[in-house]
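Subject: Structure for your files

Hello,

Here is the structure I said I would pass on. My notes on what was found in it follow below.

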Amino acid sequence: MYVPGTDIDGLQATLGTLRFGAVDAYGVAWRLQTLDGWDSPEVRAEFQDREADHGAWASPVYLGARPITLAGVIEATDRGTLQAAMDRLSAAVALTDTTLTVWEQTPRQATVRRSGKLLKQYVSDRVANWSALVTAADPRLYEVDQQTGTTGLPAATGGLSFPATFPVTFSATTVSGQIIADNAGSVGTRPVLTITGPVSAPSVSALYPDGSVRQLLYSLDLAAGDSLVIDIDAHSVLLTGGVSRRRFLNVSGGWPSIPAGASVAFQFQGATYNPTAQLTVSWRSAWM
């Protein structure tokens with residue numbers, strides 16, 4: 001007899017709301033014995049033999065989709081409870097995007113959906129074996145906790161105070177509206193940028209450690225209450241309500257990402273200063 005809410009030996013993972021490696025609220029023990037594909041995704045690469053020479057010409061190497069096979073055992077108190085548990089398993093291995101989290105020393109997650117037959121086989125009236133094939137279209141494994149940073153437009157402080165006697169010296173200090181984004185993982189990660197108005201012709205510059213800069217320049221103004229969401233991975237630009245504004249965004253130097261083991265400074269700017277305008281950057285460290 002298992003105690004609901006307790007962990008059991010073996011791998012620990014969560015698919016949607018279904019926890020493997022634990023006893024659920026119904027007293028059903030979910031054992032996860034196989035987790036193939038979590039260690040590494042597929043790769044896409046081509047090698048063309050050099051003519052009359054040693055070796056080959058290598059194409060760029062990209063990560064492919066990540067197929068993942070999960071398998072284990074369900075142990076229930078009676079046949080009815082076992083049948084209900086198998087139904088919950090069918091619902092968890094969904095045809096739509098579902099979060100798969102593996103509770104390693106550093107918990108990581110991927111977005112998956114069913115990509116093969118779900119196998120459920122009775123061993124007895126209280127025990128069943130199960131196996132599921134899911135695929136993560138995005139092969140990266142992301143940290144569970146999302147990081148966010150928010151800043152306003154840079155403001156100028158100091159300078160000239162009136163009345164003043166001429167000649168005078170003008171001086172001012174710029175307070176920079178920057179967000180520093182760190183990626184502790186082993187592969188580049190792509191943030192989501194949200195700009196909240198009012199702001200005139202907003203832009204975001206990604207400043208890299210090597211001195212290079214990538215810029216996102218939006219040619220329209222945002223009114224108070226407007227929100228512009230720039231998804232770097234999807235290359236999408238959506239205004240409040242989901243209206244596409246991609247054609248009004250100029251991408252200079254390429255879409256910015258956060259390299260593995262590095263930091264990027266995101267600089268927020270506008271044509272004029274407004275103290276209520278904001279930039280929010282959201283990201284997760286990512287691993288291969």
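**The five-stranded sheet**

Strands β18 and β26 (residues 263–269) are paired antiparallel, with five bridges between them. Within that pairing, Q178 has Q267 of β26 as its bridge partner. Please keep in mind throughout that this is a predicted model.

The two strands belong to an open sheet of five, in the order β18-β26-β20-β21-β25, and the pairing is antiparallel. At its edges are β18 (178–182) and β25 (249–252), each of which pairs on one side only. Direction ignored, neighbouring strands in this sheet are turned against each other by 15° on average.

Further along the order, β20 (residues 203–207) and β21 (residues 213–218) run antiparallel and are joined by five bridges. S203 is the residue opposite L217 of β21. The two strands form a hairpin with five residues between them, and G211 in that hairpin has a positive phi near 95°. On to the edge, β21 and β25 also run antiparallel, joined by four bridges. There, L216 is opposite V251 of β25. Both L217 and L216 thus appear in bridges of β21, one opposite S203 and the other opposite V251. As a general point, side chains in a regular strand alternate between the two faces of the sheet.

**The six-stranded sheet**

There is also an open sheet of six strands, again with antiparallel pairing, in the order β15-β27-β19-β22-β23-β24. The edge positions are taken by β15 (147–152) and β24 (243–244); each has a single partner strand, so one side of each has no neighbour in the sheet. Inside the order, β22 (residues 227–231) pairs antiparallel with β23 (residues 236–239) over four bridges. In this pair L228 lies opposite L239 of β23.

**Pockets**

The largest pocket has a volume of about 450 Å³. It is lined by 21 residues, of which T111, D138, Y142, D233 and R284 are closest to the centre. Which strands each supply at least two residues of this lining? They include β11 (108–114) and β27 (278–283). The strand β11 gives the most, with five residues. The strand β27 is also a member of the six-stranded sheet, where it stands between β15 and β19 in the order. By class, the lining of the largest pocket is made up of eight charged, seven nonpolar and six polar residues.

The second largest pocket has a volume of about 390 Å³. Its lining has 20 residues, and those closest to the centre are Y62, R140, V187, G188 and R190. The class make-up here is eleven nonpolar, five polar and four charged residues.

**R50 and A56**

These two residues are best read together. R50 is in the loop between β6 (47–49) and β7 (56–58), and A56 is in strand β7. Are they buried or exposed? R50 has a relative accessibility of 31% and therefore counts as partly exposed. A56, with a relative accessible area of 28%, is also partly exposed. Both values fall in the range between the cut-offs of 20% for buried and 50% for exposed.

Setting aside neighbours within four places in sequence, R50 is in contact with G55, A56 and W57. With the corresponding neighbours left out, A56 touches F47, Q48, D49 and R50. The contact between R50 and A56 therefore appears in both lists. A56 and E46 are ten residues apart along the chain, and their C-alpha atoms are separated by 9.5 Å.

**A84**

A84 is in helix α1 (residues 79–92). It is partly exposed, because its relative accessibility is 31%. A84 and L133 are 49 residues apart in sequence, and the distance between them, C-alpha to C-alpha, is 21 Å.

That is what I have for now.

Regards

How values were computed
Residues numbered from 1 in each chain as written. Predicted model: local features only at pLDDT ≥ 70, side-chain atom pairs only at ≥ 80, totals over all residues. Heavy atoms only, no water. Buried < 20%, exposed > 50% of the residue type's maximum accessible area, 1.4 Å probe, protein only. Contact = heavy atoms within 4.5 Å. 1 Å grid on protein atoms, 1.4 Å probe; cavity = no way out; pocket = protein on both sides within 12 Å on 5 of 7 lines; lining within 4 Å. Points joined across faces, edges and corners; volume = space filled by probe spheres on them. Nonpolar A, V, L, I, M, F, W, Y, C, P; charged D, E, K, R; others polar. Pairing = 2+ DSSP bridges. Axes fitted to C-alpha atoms, helices over the stretch in contact; angles between N-to-C directions.
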